[in-house]
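Please read the following walk through a single protein chain with its structure open beside the text. The paragraphs begin with ring pairs and then turn to strands.

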Amino acid sequence: MSMSDAFETITLQWLFTASAVTRPTVWYLALYTVAPTDAGGGTECSGTSYARQSFTLSVSGDTATNTANVEYPTAGGAWGTIVAVGVFTAATAGTLIASGNLTVSKTIASGDVLRVPTSSLTITLD
């Protein structure tokens with residue numbers, strides 16, 4: 001995953017200034033049909049029953065991974081072809097922290113359930 005410009009600014013503020021930076025306590029995974037860039041943008045998935053899902057991470061060394069399955073509700077209609085994911089600080093709006101393209105795109109049709117298995121979402125700082 002790539003860190004967003006917003007994340008880079010927050011990190012630099014925390015590290016090098018006296019700015020008060022509030023750490024989020026819940027993370028949300030967004031699905032994208034058009035991948036965002038480090039500056040944001042992209043096209044977040046939409047459709048019946050779609051909503052960002054909260055999840056938790058564990059950290060080992062320079063890598064964070066999801067601690068449990070991230071499961072989306074059953075699609076009530078076509079959501080499109082998912083090409084990327086993004087980690088946000090809120091269920092709606094919020095700040096994009098990191099994003100990455102899927103290894104294999106996934107088309108979500110009505111009745112499908114998308115599940116991200118435990119430890120398959122990885123965020124690495126190199």
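How many aromatic pairs does the count come to? In this predicted model, the count comes to 3 aromatic pairs. In one of them, Tyr50 and Tyr72, the ring centres are 6.1 Å apart and the planes meet at 10°, and because planes under 30 degrees apart count as stacked, this pair is stacked. The pair links distant parts of the chain, since Tyr50 lies in the loop between strand 3 (43–44) and strand 4 (53–55), whereas Tyr72, 22 residues apart from Tyr50, lies in the loop between strand 7 (70–71) and strand 8. Tyr72 also forms an edge-to-face pair with Trp79, with 6.4 Å from centre to centre and 80° between the planes, and Tyr50, Tyr72 and Trp79 together form one aromatic cluster.

As to burial, Tyr50 and Tyr72 are both buried; the relative accessibility of Tyr72 is 1%, and Trp79, with a relative accessible area of 3%, is buried as well. Another ring, that of Phe88, has Arg52 lying over its face, at 3.6 Å from the ring centre.

Turning to the strands, strand 9 (residues 96–108) pairs in the antiparallel sense with strand 1 (residues 2–3) over 2 bridges, and 8 bridges join strand 9 to strand 8 (residues 80–88), again running antiparallel. Within these pairings, Ser2 stands opposite Ser99, while Val85 stands opposite Gly100. Ser99, which lies in strand 9, has a relative accessible area of 6% and therefore counts as buried, the cut-off being under 20%. Leaving aside neighbours within four places in sequence, Ser99 is in contact with Met1, Ser2, Pro36, Val85 and Gly86.

Terms used
Residues numbered from 1 in each chain as written. Predicted model: local features only at pLDDT ≥ 70, side-chain atom pairs only at ≥ 80, totals over all residues. Heavy atoms only, no water. Pairing = 2+ DSSP bridges. Helix = DSSP H or I, 4+ residues; strand = E, 2+ residues; numbered from the N terminus. Buried < 20%, exposed > 50% of the residue type's maximum accessible area, 1.4 Å probe, protein only. Contact = heavy atoms within 4.5 Å. Phe/Tyr/Trp six-rings, centres within 6.5 Å; stacked < 30°, edge-to-face > 60°. Lys NZ or Arg CZ within 6 Å of the ring centre and 35° of its normal.
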